[in-house]
Amino acid sequence: MNITKPILEIQGLTKYFDAAHGKKVHAVENVSFVLERGETLGIVGESGCGKSSMGRTILKIHEPTSGKIIFDGKDITDYSPKKMMPYRRRMQMIFQDPYASLNPRMTVGEIIEEPMVIHNMGTAEDRKAIVQELIQTVGLKPDHIRRYPYEFSGGQRQRIGIARALALNPEFIVCDEPISALDVSIQAQVINLLEKLQHERGFSYLFIAHDLEMVHHISHKIGVMYLGNMVEFGSSDDVYKNPLHPYTKALISASPVPDPNQAKTKKRIILEGEVPSPLEPPKGCPFSARCKYCTEQCKNEKPDFYDLGIRKVACHLYSPQNISKTMGIKSDSENKKE
C-alpha cells in the first residue's frame, strides 16, 4: 500500500534569539505539528507570539535552536545553505509587507524572474514566457510587466509577491500575514486567489494571520500560539466552533460577528494583565498569569501537549487526571443562560 508522506513534519521546533546581557528571546518553544499535502494550516495568535519567527525558521531563514524540520520525508534541520538550494525551489514565502518585500529599483517582470535566474531555470526566453503567464495567473495585466512597485496599489503589490513565490513552482508556501495590510475587499480577492491556486496546483500553505474568521475560512487545520508555544491544535471547525484552551476561547470571543442579533448575545472574554516577556517566560504554563482557571500546578509546571484524539491542547485542565472534570466545565454562554 502506497502511503503518501506528509509535506512537512515539525518536531519540537525551538528558536531563541540572542538579547542584551546574555539573555535569550524565547521566540518559538518546542512546537510540533504535521502538514499533509494540499492542506492549509492556519496559525493564529497575538502580535509577538512567534508566528512569523516559526514560519521563517521552518524555511531556514532563521536557523533553529533545536528540534527537527522534516520536509517530504527528509530531515533538513542541519542542511547548509548550499545543500538547501534544491529545497528553496520547493519552499517559498509570501511576505507580510507587499511594498517592503519588493525591490523598488526592479520592474515587476524582473522581480518575478529573479528567483528563476538564481536557480538557473530555463533560457531567458522561457523565463519571460513564465513571467507573462504568472502575471495573468495572479490577475494583473500584461503591460504591468514593465512597471515598478510604487506604481501599484497594496493589493496589486501583494499579487506581485504571490507571482514571485509561484515562479519556482513550489510545493509548500508560508503565507506570512499576506492580507493584514490590505483593505477588506482586497483581502477577499487575495484569499480567493490563494484558494484557486491551491485547488489547481495542490499547494500546501502555512497561513499566518490575526483574523480568526479568515483563518477558519481558508484553513483545514488551526494552530493557536501564545508566547512562542502552540497551545491548541486541531481541525479548523473543531477549534473554531468548540475551542478548549482558555486562550483560544478568549481569541474567538473577540472576533466580530456580522449578525447584529448574535453580536448582542455574544459575551466577550476580557483577558486581564499583560503578555509576559519572551525574555523571561513563566516557569509553568505560559498563559497562567492571565487565566481564570489558573492553579498552583499551572504556575509551577508547564503542561504537556495533551493528545485528545481529534485535538491537542497544552492545558492542565485536559491532563489525564483532570480530563473528566474538564469535560464538565461549561462554556461562558451556557453559564449565562443558567
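## Pockets and cavities

On a 1 Å grid laid over the protein atoms alone, a pocket is an open set of points with protein on both sides within 12 Å along at least five of seven lines, while a cavity is a set of points where a 1.4 Å probe fits but cannot get out. Lining residues have an atom within 4 Å of a point. What you see above is a predicted model, where local features need pLDDT of at least 70, side-chain atom pairs count only at pLDDT 80 or more, and totals for chains, interfaces and linings use all residues. Residues are numbered from 1 along each chain as its sequence is written, and side-chain values use heavy atoms, with hydrogens and water left out.

## The second largest pocket

Now look for the second largest pocket, with a volume (the space filled by probe spheres set on the points) of about 510 Å³. It has 27 lining residues, and S32, F33, M230, F305 and K312 are the closest to its centre. Four strands (DSSP runs of E, at least two residues) each give at least two residues to this lining: β1 (8-18), β2 (24-35), β10 (229-235) and β12 (311-313).

The lining is a mix: 12 nonpolar, 7 polar and 8 charged residues. Here Ala, Val, Leu, Ile, Met, Phe, Trp, Tyr, Cys and Pro count as nonpolar, Asp, Glu, Lys and Arg as charged, and the others, Gly among them, as polar.

## The cavity

How many cavities of 30 Å³ or more does a search of the whole structure find? It finds 1. The largest cavity holds about 80 Å³ of space. Its lining includes H245, P246, C285 and F287, as well as C315, H316 and L317. That lining splits into 9 nonpolar and 3 polar residues, with no charged ones.

## An enclosed helix

Why is helix α1 (residues 51-58) described as largely enclosed by the rest of the structure? Because 6 of its 8 residues are buried, meaning under 20% relative accessible area (exposed is over 50%, partly exposed in between, with a 1.4 Å probe and protein chains only). A helix here is a DSSP run of H or I, at least four residues. The buried ones are K51, S53, M54, G55, T57 and I58. After α1 comes K60, whose phi is positive, near 60 degrees.

## Two loop residues

Y150 sits in the loop between α4 (124-137) and α5 (154-166), and is exposed at 57% relative accessible area.

G73 is in the loop between β4 (66-71) and β5 (74-75), and is partly exposed at 43%. The C-alpha atoms of G73 and E9 are 8.1 Å apart, though 64 residues separate them along the chain.
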